[in-house]
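Load the model in a viewer and keep the selection panel open. The stops below go from enclosed space to open pockets, then to the interface and some local details.

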Amino acid sequence: MSEIIITPKIQSNVPLEIPNVKPDVFAGKSIDEIKEVEIYQGNEIVKLSEFFEVEGESAETPGEIKIIIDGDASNIKRIGQGMTAGEIIVKGDVSMYVGLDMKGGKIIVEGNAASWAGQTMKGGELEIMGSAGDYVGSSYRGDWRGMSGGFITIHGNVGYEIAEYLSGGKIVVKGNANHMPGIHMNSGVLIIEGNVTSRTGGEMSGGTIIVKGVMDEFLAGFKYLGIERDIQVNGEDIPGVFYKFTGDYAIKGAHGTVYVAVAGNKHIVP
Amino acid sequence: MELVNNVICPFCGTLCDDIICKVENEEIVGTYNACRIGHSKFVHAEGAMRYTKPLLRKNGEFVEISYDEAIEKAAQILVDAKRPVMYGWSCTDCASQEVGMELAEEVRAVIDNTASVCHGPSLLAVHDTGYPVCTLGEVKNRADVVVYWGCNPFHAHPRHIARHSYARGFFRERGRPDRTMIVVDPRNSDTAKLADIHLQLEYNKDYELVDAMRSALKGHDILYDEVAGIPREQIIGAVEALKKAQFGILFFGMGITHSLGKHRNIDTAIMMTQELNQFAKWTLIPMRGHYNVNGFNQVCTWESGYPFCVDFATGEPRYNPGETGTNDLLQNKEADAMMVIASDPGAHFPQRALQTMIEIPLISIEPHRTPTTELADLIIPPAIVGMEAEGTAYRMDGVPLRMKKVVESDLLTDNQILTKILERAQELEASK
C-alpha cells in the first residue's frame with residue numbers, strides 16, 4: 001500500500017472542510033496534483049497545500065492508498081466523506097463528520113472525534129481510539145434513515161443520541177453512553193459495553209441493543225420478557241446473563257429488542 | 001389626542017390584534033386592551049434608551065456616523081468575513097427577513113434566528129414527525145380539552161388564556177366551563193393553579209411520561225408503577241381524558257422544548273397528538289415567543305428549504321443545528337463576524353458565546369440600548385416595525401397578519417437598511 005502523509009501546518013479558528021482528502025480523489029494523481037486539491041475554509045475555497053504539507057507516494061487505485069493525517073485535526077471536518085476504498089489514519093483528534101456517508105475502506109482516528117462520526121454510513125469500517133461526541137452513526141437532520149451498513153467501534157465514551165435512526169450495520173461502544181442511544185432505531189445492532197444514563201431505545205421500532213454495564217433508568221413503553229443467558233445476535237455469540245425487553249410500544253408495531261446485563265440492573269425490572 | 005384602532009401588538013407570538021393606541025405628537029402615550037408587556041413596548045417603558053443615529057466604536061468609545069457610512073462599514077465586515085453569522089430576525093417583518101436571506105446568500109453567511117435558543121427543538125421535531133396544527137380561532141370556537149405542557153401563558157403570553165381558551169366560542173358558548181384545562185408542569189405555576197388536571201411531573205421526565213402515555217394509548221401495559229413521579233393509574237386516567245375530547249389542543253413551551261432530550265420530547269409529543277386522532281380531533285400549537293419568530297422560520301423555509309441555522313458557506317444551503325446554530329458557531333469560535341438584528345443575544349446567550357461576540361466584529365441593528373449593543377462595534381438604529389413601520393408577521397399558529405404603522409419616524413426601516421447593505425455587498429463581491 002502506498003502512503004500519502006499530509007501534515008497540518010496552520011491551525012485556524014475558522015474550521016477546514018476536507019471531503020476531498022480521500023483515496024478516491026487522490027488515486028491516479030501525482031503529489032503535486034494532490035497539493036492542488038480543493039478544500040474549504042468557511043466560505044472560501046483554498047488549495048490543500050495552503051494548510052498542509054503533502055508528501056509520500058500515490059497509487060492508481062483508491063484501494064492501494066493509505067492517507068495519514070499526521071497531526072491535530074480537531075478543527076477539520078468531513079474527513080473521509082463518502083470514501084469507498086483505501087485507508088485513512090488520523091494521528092490526533094478530529095472534528096465533526098468523520099466518515100460521513102462512508103461506503104467502504106477503513107478510517108482509524110487515534111484521538112477523539114466530535115459529533116456526527118459515521119453519519120449515514122453505508123459500509124466500511126470506522127474505528128475511534130478515543131471518545132466520540134453525539135450522533136454517532138446517525139441520520140441527516142429530518143431523515144428517518146441513519147447508518148445503514150458498516151462497522152463503527154468507539155473505544156472511549158460517546159454523547160447523546162448515538163445510533164439515531166440506525167437502519168443497519170453495527171456500532172460497538174467500549175465506554176459509556178449518554179442519553180438516548182438507539183433512539184428511533186429501525187434495524188442493526190448497537191452494543192454498549194459501559195454504562196448508559198437513560199432512554200435507551202426510545203421509540204425504537206426494530207434492531208437490537210445490548211447494554212453490558214449499568215443502566216440508570218429505562219422507559220415504561222417496553223415489555224419485560226425475562227432473563228436470557230449467552231445470547232446470539234446476528235450469528236455472533238455474546239456470553240453473559242441478560243434481562244430481555246421488547247418495544248418501544250410507544251411506536252405502533254414495534255419489535256425492537258433490548259438486552260441489559262443482570263449485574264447491577266435489578267432496579268429496571270418491574 | 002388621537003386613537004388608532006385595531007393595532008397589532010409587536011411583542012409576543014399571540015399577536016393580539018385588538019390594541020387601541022393613544023397617540024400625541026407622533027408618540028404613543030398609552031394603550032387600551034394590551035397586556036402589561038405589550039403596553040411597555042408601545043410606550044417605551046422606563047429605562048429604554050432609543051438610538052437616533054448610527055454609532056461606530058472608535059478606540060472604545062461610540063462616535064456618531066451617518067447611515068451611509070454605517071451601511072458601508074456593515075457591508076465591508078460581512079464581505080470580508082470567512083464565517084459570518086447573521087442572527088436574530090424575530091422582531092422584524094417578513095419582507096426584511098426576505099432581504100436578510102438574500103444578503104446571507106450573497107456573503108455566504110450562516111443565517112439563524114432566535115428559534116435556535118427557543119422553539120428550535122420543535123422545528124427539529126416537526127421535520128421528523130409532521131405538524132398537526134390548527135388556528136387559534138379553531139381553538140376558541142371548538143376546543144373542549146386544552147393542554148398547556150411546559151408553558152406558563154399566565155405570565156409569558158398574558159392574554160392567551162383569556163382570548164383563546166377562556167373565551168366563548170361558537171361551539172363553546174359558555175367559555176371556560178365548556179372546557180377541560182390540563183396543565184403539565186413540574187412547578188405549581190399560576191397557569192397550573194387554573195387547571196382542572198395538573199400533572200406535576202418530575203423535572204426532565206417529559207419524555208418518559210409521553211412514552212408511557214403513548215404506550216397506554218395503544219392498549220399496552222405501563223412497565224412501571226410510577227413514571228416521572230406520576231402513578232400508573234393517574235397516567236391512564238389522563239390518557240382517557242385526552243381520548244374523550246371532541247377537539248383537543250396541545251400548547252407547548254420552553255418547559256418541554258428545553259428540558260432533557262429537547263427535540264425528542266417534542267417529537268414524541270407530536271406523535272402522541274397524531275395518534276390521538278384515532279380517538280378524537282387533536283391538534284397542537286407551539287407557544288412562540290417573539291412576535292415574528294414564526295415568520296422567520298416560514299420565510300427561511302420557503303427561501304432555502306430549512307427553517308433556521310442555514311449555512312450558505314458553500315453557496316448552497318446546508319443545515320445542521322448543533323453545527324450551524326449561532327451558539328455552536330460562537331462557542332466553537334468558528335464565527336469571525338456577526339450581525340445581530342431584531343433580537344438581544346447579549347442578554348440571553350451563555351458566557352462562552354458572548355466571549356466570541358466580544359472578540360469578533362459585531363454589527364447590531366437595534367432601536368434600543370441593550371446588552372448586545374454594549375458589545376457591538378457598529379450600531380444601526382431602525383424604526384420599530386408594528387409601531388413606526390408596517391409589515392407582515394406570522395402568529396404562533398401560522399396565520400400571517402399585517403402590522404400597522406401607528407406613528408411616523410425619521411429613522412430608516414429594517415428593510416431599507418438591509419436593502420442598502422445588500423446592494424453595497426453585491427458591489428463589493430462583484431469587485432472581489
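Which element gives the most to the lining of the largest cavity? It is α11(B), with three residues. Bear in mind throughout that this is a predicted model.

**Cavities**

Stay on the largest cavity, which has a volume of about 90 Å³. Select B:V147, B:W149, B:M213, B:L242 and B:M272, the closest to its centre of the 13 residues that line it. Then colour β8 (145-149), β9 (180-184), α9 (232-243) and α11 (263-276) of chain B, the elements that give two or more residues to this lining. By class, the lining has twelve nonpolar residues, one polar and no charged.

In total, the structure holds five cavities of 30 Å³ or more. For the second largest, with about 70 Å³ of space, select B:C9, B:F11, B:C12, B:T14, B:L15, B:C16, B:I19, B:A34, B:C35, B:P158 and B:R159, which line it. Nine of these lining residues are nonpolar, one is polar and one is charged.

**Pockets**

Keep B:F11 selected and add B:K41, B:C91, B:H290 and B:H348: these five lie nearest the centre of the largest pocket, among its 42 lining residues. B:F11 thus appears in the lining of the second largest cavity and in that of the largest pocket. The volume of this pocket is about 1100 Å³. Next show α1 (36-42), α10 (254-257) and α14 (345-348) of chain B, each of which gives two or more residues to the lining of the largest pocket; α1(B) gives the most, with three. The lining of the largest pocket divides into 23 nonpolar, 14 polar and five charged residues.

Move to the second largest pocket, of about 660 Å³. Select A:R141 together with B:K262, B:P321, B:G322 and B:D328, which lie nearest its centre among 28 lining residues. Here α4 (120-129) and α13 (326-331) of chain B are the elements that give two or more residues. The lining of the second largest pocket comprises twelve nonpolar, eleven polar and five charged residues.

**Interface of chain A and chain B**

With A:R141 still selected, add A:N43 and A:R199. In chain A, these three lose the most area to chain B, together 19% of what that side buries. The two chains bury about 3700 Å² between them, 48% of it on carbon and sulfur atoms. Contact involves 47 residues of chain A and 46 residues of chain B.

How many salt bridges does the rule find across the interface of chain A and chain B? There are eight. To see a salt bridge between the chains, select B:R214 and A:E203, whose side chains meet at 3.1 Å, N to O. The interface also has 28 residue pairs in polar contact, both residues being at pLDDT 80 or more. On the side of chain A that touches chain B there are 23 nonpolar, ten polar and 14 charged residues.

**Details within chain A**

Over all chains, the count of salt bridges comes to 47. One of them pairs A:E236 with A:K170, the closest N and O atoms being 2.6 Å apart. A:E236 sits in strand β16 and A:K170 in strand β12 of chain A, 66 residues apart, so display both strands to see distant parts of the chain linked.

Follow β16 (236-247) into the loop before β17 (256-261), where A:D248 lies. A cis peptide bond joins A:G247 and A:D248, with omega about 0°.

Finish at A:E161, in the loop between β11 (151-154) and β12 (167-173) of chain A. Phi of A:E161 is near 50°, a positive value in a residue other than glycine.

Key. Residues are numbered from 1 along each chain as its sequence is written. Chains are lettered from A and ligands numbered from 1 in the order in which they are written. Side-chain values use heavy atoms; hydrogens and water are left out. Contact means heavy atoms within 4.5 Å. Buried area is the accessible area (1.4 Å probe) that two parts lose on being put together, summed over both. A salt bridge is a side-chain nitrogen of Lys or Arg within 4 Å of a carboxyl oxygen of Asp or Glu. A polar contact is a pair of N or O atoms within 3.5 Å; within protein, one must be able to donate a hydrogen and the other to accept it, and residues adjacent in sequence count only if both atoms are side-chain atoms. Ala, Val, Leu, Ile, Met, Phe, Trp, Tyr, Cys and Pro count as nonpolar, Asp, Glu, Lys and Arg as charged, and the others, Gly among them, as polar. On a 1 Å grid over the protein atoms alone, a cavity is a set of points where a 1.4 Å probe fits but cannot get out, and a pocket is an open set with protein on both sides within 12 Å along at least five of seven lines; lining residues have an atom within 4 Å of a point. Grid points are joined across faces, edges and corners, and a volume is the space filled by probe spheres set on the points. Helices (H or I, at least four residues) and strands (E, at least two) are DSSP runs, numbered from the N terminus.
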